[in-house]
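User: Hi! I'm new to reading structures, and I'd like a close look at a single part. Could you walk me through one sheet and how its strands are put together?

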Amino acid sequence: GERVEVQKDKEDPLDFVLWKPAKAGEPKWPSPWGEGRPGWHIECSAMSTYCLGNHFDIHGGGQDLQFPHHENEIAQSTCSTGEKFANIWMHNGFVRIDEEKMSKSLNNFFTIREVLKNYQPEVVRFFILSSHYRSPLNYSDANLDEAKASLTRLYTALRDSKNESDFDIDKNYITKFNSFMNDDFNTPKAIALLHEIAKKINRLEDKNNQEYMVLASTLKKLASILGLLELSPQDFLQGKESQNENNIDDNYINNLIVERNNARENKDFDRADSIRDELKELGISLEDSEDSTDWRR
């Protein structure tokens with residue numbers, strides 16, 4: 001008990017207040033026990049039981065709320081309803097920036113809207129899921145860039161897939177995936193499995209056979225459970241979902257590619273190379289195949 005508020009009028013040091021008597025200048029409401037306001041823990045029990053019922057599956061919250069807030073919430077809810085309160089408690093780790101907890105009091109917080117100006121939504125989701133939800137989440141541009149590169153590798157493995165929903169999926173991978181998710185929502189292991197499938201896809205020489213389509217279908221299906229690989233590979237690789245104001249217009253890129261291809265046909269390789277270098281400076285990489293040129297941001 002160091003965090004337990006000890007007051008002389010408590011019958012037991014572990015008792016906690018359900019209704020606080022009114023104090024001057026504070027909001028107050030009438031009750032059978034006099035004017036006052038609900039105790040700190042009551043509001044959550046009231047909202048939970050009103051919206052979800054007396055007994056529900058999952059209750060979340062930060063690790064710092066486990067004691068005394070959630071313990072008291074369980075006590076008062078169980079005593080009030082006579083039913084078990086929540087089946088599973090998921091206490092998440094803190095978001096940390098420069099080794100400090102992100103909080104309004106430290107003025108080191110940011111909004112998701114600000115992050116989405118520079119990173120696609122799926123990249124942010126992938127970044128969050130790459131750490132176990134009970135572990136600290138260390139925010140930095142470097143870590144988000146790493147998440148983008150990692151997610152890009154998954155999308156790249158699907159570039160040649162078509163109509164993968166028409167194919168069966170590999171049940172062995174589903175069993176593994178489910179075992180990781182059933183292990184306290186172990187998303188880092190689930191993501192590692194997605195990379196294992198992607199590597200297997202990349203080792204295949206033939207991208208038109210049944211094995212490839214089953215693997216691609218499996219990768220797409222399992223990733224969708226985590227809200228990943230929802231875009232077409234081309235849209236993701238070309239940054240179609242990004243809100244970054246610095247993105248170069250698609251038409252500008254495509255026109256330069258047409259000009260470069262014409263230069264190559266005319267054996268003007270200096271001009272072709274200069275266009276490739278210009279696009280590279282703008283953060284655009286080109287990938288030439290036998291009959292086309294693809295690009296990505």
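Analyst: Happy to! Let's begin with one pair of strands: β5, residues 95–97, runs parallel to β7, and the two are joined over three bridges. Please keep in mind that this is a predicted model. To find the pairing on your screen, look for Arg 96, which has Asn 138 of β7 standing opposite.

Now let's widen the view. The pair belongs to an open sheet of three strands, and reading across gives the order β6-β5-β7. The pairing within this sheet is mixed. Which strands stand at the edges? They are β6 (100–101) and β7 (137–139), and each has a single partner strand, so one side of each has no neighbour in the sheet. As you look at the strands, a general point may help: side chains in a regular strand alternate between the two faces of the sheet.

For contrast, let's visit another pairing in the model. Strand β8, at residues 285–288, pairs with strand β9, at residues 293–296, in the antiparallel sense. Four bridges link β8 and β9, and a hairpin of four residues leads from β8 to β9. A handy landmark here is Glu 287, which stands opposite Asp 294 in β9.

So, back at your sheet, here is the picture to keep: β5 sits between β6 and β7 in the order, and β5 pairs with β7 in the parallel sense. On your screen, Arg 96 and Asn 138 make a good place to start, since they stand opposite each other.

Methods. Residues are numbered from 1 along each chain as its sequence is written. This is a predicted model: local features need pLDDT of at least 70, side-chain atom pairs count only at pLDDT 80 or more; totals for chains, interfaces and linings use all residues. Side-chain values use heavy atoms; hydrogens and water are left out. Two strands pair if DSSP finds at least two bridges between them.
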